[in-house]
Amino acid sequence: MTAATQPRRMPQSLIALRNILAFLMRSPTSAFGLVVLAILILTAIFAPLLATHDPYVQDLQNTLQRPGNGHLFGTDELGRDIYSRLVYGSRITLTIIFLVTIVVGPIGLLVGTVSGYFGGWWDTVLMRITDIFLSFPSLILSLAFVAALGPSLNNAIIAISLTAWPPIARLARAETLTFRAADYISAARLQGASATRIIWKSIMPMCLPSVMIRLTLNMATVILTAAGLGFLGLGAQPPLPEWGAMIATGRRYMIDHWWLVTFPGLAILAVSLAFNLLGDGLRDALDPKQMNKR
Amino acid sequence: MFDYANADRLVEVVDLKLHFPVYSGVLRRQTGAVKAVDGVTFEIYEGETLGLVGESGCGKSTCGRAVLRLYEVTDGSITIEGTDIATWSPEELRRVRPKMQMVFQDPQASLNPRMTVSGIIGEPLDEHTSLSKKEKLARIYELMDAVGLNRDFAHRYPHEFSGGQRQRIGIARALALNPRFIVCDEPIAALDVSIQAQVVNLLEDLQKEFGLTYLFISHDLSMVRHIADRVAVMYLGKIVELAPRDPLYNEPKHPYTQALLSAVPEPDPNLEATTQRIILEGDVPSPANPPEGCNFCTRCPRVMEICHRIDPEFREIAPGHYAACHLHYDHDDKNAGETAP
């Protein structure tokens, strides 16, 4: 009966994480997503080791080289190695995803749970604000924000975050509405728990799985929006090796020098596809109906 | 039998009303109200069990939750240990919360699926005490012992338990802060018949051990007869009869109580053959639009002309036996009622 005789149990979160990973690896599509994501992260971490050239060093004698000849994916119009630029570009992409996610997740979760739990006046005001943001296409709205803030990578991240939280808030609100009448919320209120405590301790953990799925699916859009802003010259500024910006500059040489746009395009495609597939897999893995199987 | 002469009143509810507003139209104007609880008066003595029975949708659960102030009450007073809490703010209520707790109907829905048993039972301790981690765990183990749960289960999740065990977790949580008054909202309705008896016996044992006072809400008349000292019968948001258990079961005064009791299954087949059931006609009226006069007048087998005009007062018709029915008022009153406009 004492702690010593009790079998040591792994922390529940670790068991859950292991089970989720095992579940994801079972289906080929989500396994693909997971593997591409892992490659992306490893590439970003080990970029200096993987890159064959300095991504910023120009070599004007070797511009627009075909793939091969010491340049795996060829060189661009300034003679920079495209492969190395892609490798370093993964850092920028990850930074964008990471920052957008840690800004968007909490904001969306907070707005959604507060509006869902309190209802009434709070709900009306917060949801009308959300509606205003939702009524513009996200790329157009980010364009407007970047235009107002001035083109730079950080401003692009802020602009994308400002446009990406409303769907999360909507989702969190819908989830909250299904939980707020549950008996265990009543039980917490009976214990005298304040609204803040109930939202923080009972409602947010319940909303978290669906919000995480939504965020993962959102990452593909975030990458594409960031690439779009980069393409329009409103995101990462030269000489930063941002994938969208690389396509934008390569566009002028596209007809004769296909490798300038193809490789960054493939990178964007692979990563956004990977996030979409991973999100789909997570939706199954985090389904509450699967909970009992773990 | 419960000793009322020496008992104090722990809970007194006077003319409690809980109306849910109905909004309609383009402008969302309030066009009416669902009168879930409409003028309920009762008191609960310290240490007793008051049974609250009635059919589905009559407002008994809402009444129990309103007494604990889970809802904002529309009108009336709720006095617990001499203080009226009906209009208190959540911050004020927080201080009296440890005194009054609740056991819920659905043990699946009342336990947070993402918390362990020790987390669930310890939640009220976090809220109201400043125990160290070790003291808290000791208290959790103590509570688990009290409700008959194995201590080894403290780190499991609710979905790993059977219905009866889950209900025990819910009871342990309710007991955590040493409450004096517990509302049991159909605590056995969601359980297997074989488990019902266990849980009811546990509730009785805990009552003796900790001197608890229960408001036991149920639609199971035989179970209420077993556990309750006094019984209140509700119909369409109102208490129609309130009496000590034996008088109520042996000689029900209100026609609705009579009909309700006649519906209880009789285990003896010989007796069963001779039982006279009172079959009520029609459906329960909507609580948003209750009939004029007595709420029961649309279905009452002994309805009189006066019942359609005047709502009967809830009054004492025998010592300790209350009912709201024109049949049991003396003749003067009835005449007075008939001459009234």
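Student: Which share of residues 90-279 of chain A is helix, and which is strand?

Tutor: This is a predicted model. Over residues 90-279, chain A is 83% helix and 0% strand. The C-alpha atoms at the two ends of that stretch are 20 Å apart.

Student: What does UniProt place at residues 90-279 of chain A?

Tutor: The UniProt record, an unreviewed entry, puts the feature "domain: ABC transmembrane type-1" there.

Student: Now chain B. How many helices and strands are in its secondary structure?

Tutor: Chain B has 11 helices and 12 strands.

Student: Why is chain B called as compact as a globular protein of its length?

Tutor: Compare its radius of gyration with the globule rule. Chain B has a radius of gyration of 22 Å, and the rule gives 20 Å for 341 residues. The two values are close, so chain B is as compact as a globular protein of that length. Its C-alpha trace spans about 70 × 60 × 45 Å along the principal axes.

Student: What percentage of chain B is buried?

Tutor: Of the 341 residues in chain B, 39% are buried. Next, look at contacts between residues at least 6 apart in sequence. In chain B, 64% of these join residues at least 24 apart.

Student: How many residues of each chain are in contact across the two chains?

Tutor: Count each side separately. Chain B brings 23 residues and chain A brings 19. On the chain B side, helix H2 (90-96), strand S6 (100-103) and helix H3 (117-128) each supply at least two residues. H3(B) gives the largest share, four residues. By class, the side of chain B that touches chain A has eight nonpolar, six polar and nine charged residues.

Conventions
Residues are numbered from 1 along each chain as its sequence is written. Chains are lettered from A and ligands numbered from 1 in the order in which they are written. This is a predicted model: local features need pLDDT of at least 70, side-chain atom pairs count only at pLDDT 80 or more; totals for chains, interfaces and linings use all residues. Two residues are in contact if their C-beta atoms, placed from the backbone, lie within 7 Å. Ala, Val, Leu, Ile, Met, Phe, Trp, Tyr, Cys and Pro count as nonpolar, Asp, Glu, Lys and Arg as charged, and the others, Gly among them, as polar. UniProt positions are given in the numbering used here, feature names are shortened, and annotations may be inferred rather than shown by experiment. The radius of gyration is taken over C-alpha atoms; the globule rule is 2.2 Å times the number of residues to the power 0.38. A residue is buried if 20 or more other C-beta atoms lie within 10 Å of its own, exposed if 12 or fewer, and partly exposed in between; C-beta atoms are placed from the backbone.
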